[in-house]
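User: Could you walk me through reading a few features of this model? I'd like the general idea, then the case here.

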Amino acid sequence: MEHDHDEPPLPTPRGPLSRSVEAYLRGAGRLPRPEGIARAQVYGDDLQLALYLCYELHYRGFAGVSAEREWDPDLLRTRAALEHRFLSALRTDARVHDGVDEALRGLLVEPVHGTGVTHFLRDEGELWQVREYAAQRSLYHLKEADPHAWVLPRLWGRAKAGMAAVEFDEWGGGRADRVHAQLFADLMTDLGLDTTYGRYLDAATAEALVTVNLMSLFGLHRALRGALVGHFATVEITSSPGSRRLAEAMRRTGAGPAAEHFYDEHVEADAVHEQVVRHDVIGGLLEREPRLAPDVAFGIDATEFVEDRFGTRLLGDWHASRSSLYAPLAPEMTHTS
């Protein structure tokens with residue numbers, strides 16, 4: 001059986017669920033039983049890693065795992081059980097707004113005295129903390145915009161055109177060197193991090209896994225297309241001010257020119273994307289399918305919920321002067337010209 005060289009290795013399991021899923025992927029074990037899934041902590045390492053393993057089969061897969069596993073009926077049933085726990089918890093824990101306008105207004109207001117991760121990194125973060133942040137975010141940014149692409153066949157008219165326009169920018173506007181995933185890999189090189197796809201899966205915390213799993217959950221289900229649009233809107237609306245702070249953090253810590261460029265690029269691009277997403281993607285979707293308004297609001301709320309959890313984890317560890325990672329980073333790599 002041949003495998004693409006870009007397929008990452010399977011990660012180290014973090015409990016009985018992820019251990020069983022990984023063994024099944026290797027052809028060496030049985031999938032977890034429903035009662036085990038029901039007992040697991042829904043936002044915990046084990047359940048989230050098991051779900052990540054299932055989702056990653058729809059992206060690049062894993063080395064040594066047959067591509068046929070992507071549509072394995074038994075594995076899909078297990079994924080559905082994991083998803084049910086995750087989605088049910090989010091619907092209980094994350095819902096704040098009933099309407100889209102109210103949810104969007106909350107995103108558009110920048111706090112005068114912000115206390116989030118980007119504020120911390122801009123004002124007092126050290127280079128080791130910048131590296132940890134980049135390592136964890138690499139689980140998404142090395143496939144930036146890919147989870148959102150699932151929604152394109154499920155949109156029509158103005159919403160589809162607006163979404164495709166933003167995605168085209170995310171994928172470099174036709175230029176491979178400007179694909180945002182490549183720009184993030186360049187940032188990682190500046191930071192002395194390994195740019196191999198999936199390299200930091202073993203290091204990423206459960207909170208980081210949750211943020212990536214949320215995109216795949218929304219993207220892979222047509223019934224959740226409204227939530228995916230809400231998620232995408234949240235990312236694009238909050239990206240420009242957050243990226244401005246991160247660009248300043250890169251300059252202050254001496255992260256390097258490619259690191260600065262990645263966030264500078266997002267300041268400019270996402271300021272434009274915000275308008276397209278609000279007026280064309282959300283506006284076009286709700287013009288055709290107004291019944292999806294509660295789902296769009298839920299997508300916004302769920303995104304803020306999981307990002308707040310991730311930020312709380314990072315800041316809690318950093319304020320205590322300890323690493324935020326599940327497994328430590330290797331020493332900074334050096335690069336020669």
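User: At what angle do the axes of helix α9 and helix α12 cross?

Analyst: Bear in mind that this is a predicted model. For a helix pair, look at the distance between axes and the crossing angle. Here the axes of α9 (residues 157-170) and α12 (residues 225-253) come within 13 Å and cross at roughly 50°. Angles of 65 to 115 degrees would count as roughly perpendicular and those under 35 as roughly parallel, so α9 and α12 are oblique to each other. Their crossing is left-handed.

User: Which residues make the contact?

Analyst: On the α9 side they are M163, V166, E167 and E170, and α12 brings L228, F232 and E236. By type, the residues of this α9 and α12 contact split into four nonpolar, three charged and no polar.

User: What about the core: which residues have the most contacts inside the largest nonpolar one?

Analyst: For a core, start with its size, then look for its best-connected members. The largest nonpolar core here has 103 residues, and L121, Y133, L187, F218 and Y263 have the most contacts inside it. Take L121: leaving aside neighbours within four places in sequence, L121 touches Q129, V130, Y133, L246, A249, R252 and W318.

User: And P16, is that buried or exposed?

Analyst: For this one, compare the relative accessible area with the cut-off. Exposed means over 50%, and P16 has 57%, so P16 is exposed. P16 lies in helix α1 (residues 16-25). In sequence, P16 is 15 residues from L31, while their C-alpha atoms are 9.8 Å apart in space.

Conventions. Residues numbered from 1 in each chain as written. Predicted model: local features only at pLDDT ≥ 70, side-chain atom pairs only at ≥ 80, totals over all residues. Heavy atoms only, no water. Axes fitted to C-alpha atoms, helices over the stretch in contact; angles between N-to-C directions. Helix = DSSP H or I, 4+ residues; strand = E, 2+ residues; numbered from the N terminus. Parallel < 35°, antiparallel > 145°, perpendicular 65-115°, else oblique. Left-handed = near helix turned anticlockwise from the far one by under 90°. Contact = heavy atoms within 4.5 Å. Nonpolar A, V, L, I, M, F, W, Y, C, P; charged D, E, K, R; others polar. Core = buried A, V, L, I, M, F, W, Y, C linked by side-chain atoms within 4.5 Å. Buried < 20%, exposed > 50% of the residue type's maximum accessible area, 1.4 Å probe, protein only.
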